[in-house]
Amino acid sequence: AICRKPSRSIVDGLRAVDIGTPDLDVFEGHHADYVAALRDTGANVTVLDALEEYPDAVFVEDAALCLQEGAVVMRPGAPSRLGKAAEMAPHLEQLYGEVVRITDGFIEGGDILTTESEILIGLSARTDKAGVAQFSQLVDRWGYQVRVVDTPEGVLHFKTDCSLLDEETILSTKRLDASGCFEVYKVIHVADGEEACANTIRFNNLVIMPAGFPRTRDALAQAGYDVREVGNSEAAKLDGGMSCLSLRLSPKA
């Protein structure tokens, strides 16, 4: 996995709704807990230095999508985030034999959910049809099928409202599941009022989810998942969740 330390400039990060300024000290503690949780899964985690010139650089997921065959460098829909994608490319080139780039339209990793059978992409304020079209052409060489879905109105990213728990199971809000986009999957709904925890990550043996959502945590535990809670209060002030904070990869040898 690849993560990046939060910067002092994080206070200037983008946010859809202002619910307060993130506290850097608290953010750093949460980030350290997040990295520790990833390492507890057996992952080899590289933590890159902070980038002060890009306040949102801690959210590395928007910069790229990592598949087994290669990596796709994104073209974020927020102008202030374009540079952070370019900063990630050299690190990916050290890991992959093939790294391709989006040059047309816009697309962010937060709108992409990769399952065993397909790649779902939600159109949003940050991901448009031109970006999706080029992405589809690029990953076709590796045999991936892309399905375009709609992100609910008022939801920043497709994965704000969902995450992959295993090869056949999705954690989703009821509003997103109601669109019918997960008809071929088993779906576990987040508890009413706990929609903010829909963005979790499953990495090896652990489901890593934001702390403070006990009913959804208990539902996942009852379904047989090993759950680890990590503080996310400061990232949430910048619309960030568990998947936003890392690129998780397993390149083919």
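Reader: Is glycine 154 buried or exposed?
Author: This is a predicted model. Glycine 154 lies in the loop between S8 and S9. Its relative accessibility is 81%. The cut-off for the top class is over 50%, so glycine 154 counts as exposed.

Reader: What distance separates the C-alpha atoms of glycine 154 and alanine 125?
Author: Along the chain, glycine 154 and alanine 125 are 29 residues apart. In space, their C-alpha atoms are separated by 9.5 Å.

Reader: Which residues are the closest to the centre of the largest pocket?
Author: The largest pocket has a volume of about 980 Å³. Its lining holds 32 residues. The closest to its centre are Cys66, Thr114, Leu164, Arg202 and Arg248.

Reader: Which strand gives the most to the lining of the largest pocket?
Author: Four strands each supply at least two residues of this lining: S3 (64-66), S6 (112-114), S9 (162-166) and S12 (201-203). The most, 5 residues, come from strand S9.

Reader: How many residues of the lining of the largest pocket are charged?
Author: The lining divides into three classes. Nonpolar residues number 14 and polar residues 10. The charged residues number 8.

Reader: Why is the pair of phenylalanine 27 and phenylalanine 59 given its class, and what is that class?
Author: The count of aromatic pairs comes to 3. In one of them, the ring centres of phenylalanine 27 and phenylalanine 59 are 6.5 Å apart. Planes under 30 degrees apart count as stacked and those over 60 as edge-to-face. Here the planes stand at 45°, so the pair is tilted.

Reader: Where in the chain does phenylalanine 59 lie?
Author: This pair links distant parts of the chain, 32 residues apart. Phenylalanine 27 sits in helix H1 (residues 24-40). Both phenylalanine 27 and phenylalanine 59 are buried. Phenylalanine 59 lies in the loop between strand S2 (46-48) and S3.

Reader: How many residues apart in sequence are the parts tied together by phenylalanine 158 and phenylalanine 182?
Author: The rings of phenylalanine 158 and phenylalanine 182 have centres 6.1 Å apart and planes at 45°, so this pair is tilted. Phenylalanine 158 lies in the loop between strand S8 (146-150) and S9. Phenylalanine 182 lies in the loop between helix H4 (174-177) and strand S11 (186-189). The parts tied together are apart in sequence by 24 residues.

Reader: Is phenylalanine 158 buried or exposed?
Author: Buried means under 20% relative accessible area. Phenylalanine 182 has 2% and counts as buried. Phenylalanine 158 has 1%, so its class is buried.

Reader: Which residues do ring pairs link into a cluster?
Author: Two of the members are Phe158 and Phe182. A tyrosine joins them. The cluster is Phe158, Phe182 and Tyr185.

Reader: At what distance from the ring centre of tryptophan 142 does arginine 141 lie?
Author: Arginine 141 lies over the face of tryptophan 142. Its distance from the ring centre is 6.0 Å.

Reader: Which element gives the most to the largest nonpolar core?
Author: This core has 22 residues, and those that touch the most other members are Phe27, Tyr34, Leu38, Val45, Phe59 and Ile208. Two or more residues come from each of H1, S12 and strand S13 (206-210). The most, 5 residues, come from H1.

Reader: What is phi of asparagine 204?
Author: Asparagine 204 is found in the loop between S12 and S13. At 47% relative accessibility, this asparagine counts as partly exposed. Most residues other than glycine have a negative phi. Asparagine 204 instead has a positive value, near 50°.

Reader: What is the phi of aspartate 239?
Author: Aspartate 239 lies in the segment after helix H6 (233-236). Its relative accessible area is 26%, so aspartate 239 is partly exposed. Aspartate 239 is not a glycine, yet its phi is positive, at about 65°.

Reader: What distance separates the C-alpha atoms of lysine 5 and tyrosine 144?
Author: Lysine 5 is found in the loop between strand S1 (2-4) and H1. With a relative accessible area of 44%, lysine 5 is partly exposed. Lysine 5 and tyrosine 144 are 139 residues apart along the chain. Their C-alpha atoms are separated by 32 Å.

Notes
Residues are numbered from 1 along each chain as its sequence is written. This is a predicted model: local features need pLDDT of at least 70, side-chain atom pairs count only at pLDDT 80 or more; totals for chains, interfaces and linings use all residues. Side-chain values use heavy atoms; hydrogens and water are left out. On a 1 Å grid over the protein atoms alone, a cavity is a set of points where a 1.4 Å probe fits but cannot get out, and a pocket is an open set with protein on both sides within 12 Å along at least five of seven lines; lining residues have an atom within 4 Å of a point. Grid points are joined across faces, edges and corners, and a volume is the space filled by probe spheres set on the points. Ala, Val, Leu, Ile, Met, Phe, Trp, Tyr, Cys and Pro count as nonpolar, Asp, Glu, Lys and Arg as charged, and the others, Gly among them, as polar. Rings of Phe, Tyr and Trp (its six-membered ring) pair if their centres lie within 6.5 Å; planes under 30 degrees apart count as stacked, over 60 as edge-to-face and the rest as tilted. Buried means under 20% relative accessible area, exposed over 50%, partly exposed in between (1.4 Å probe, protein chains only). A charge sits over a ring if NZ of Lys or CZ of Arg is within 6 Å of the ring centre and within 35 degrees of the ring normal. A nonpolar core is a set of buried Ala, Val, Leu, Ile, Met, Phe, Trp, Tyr and Cys residues joined through side-chain atoms within 4.5 Å.
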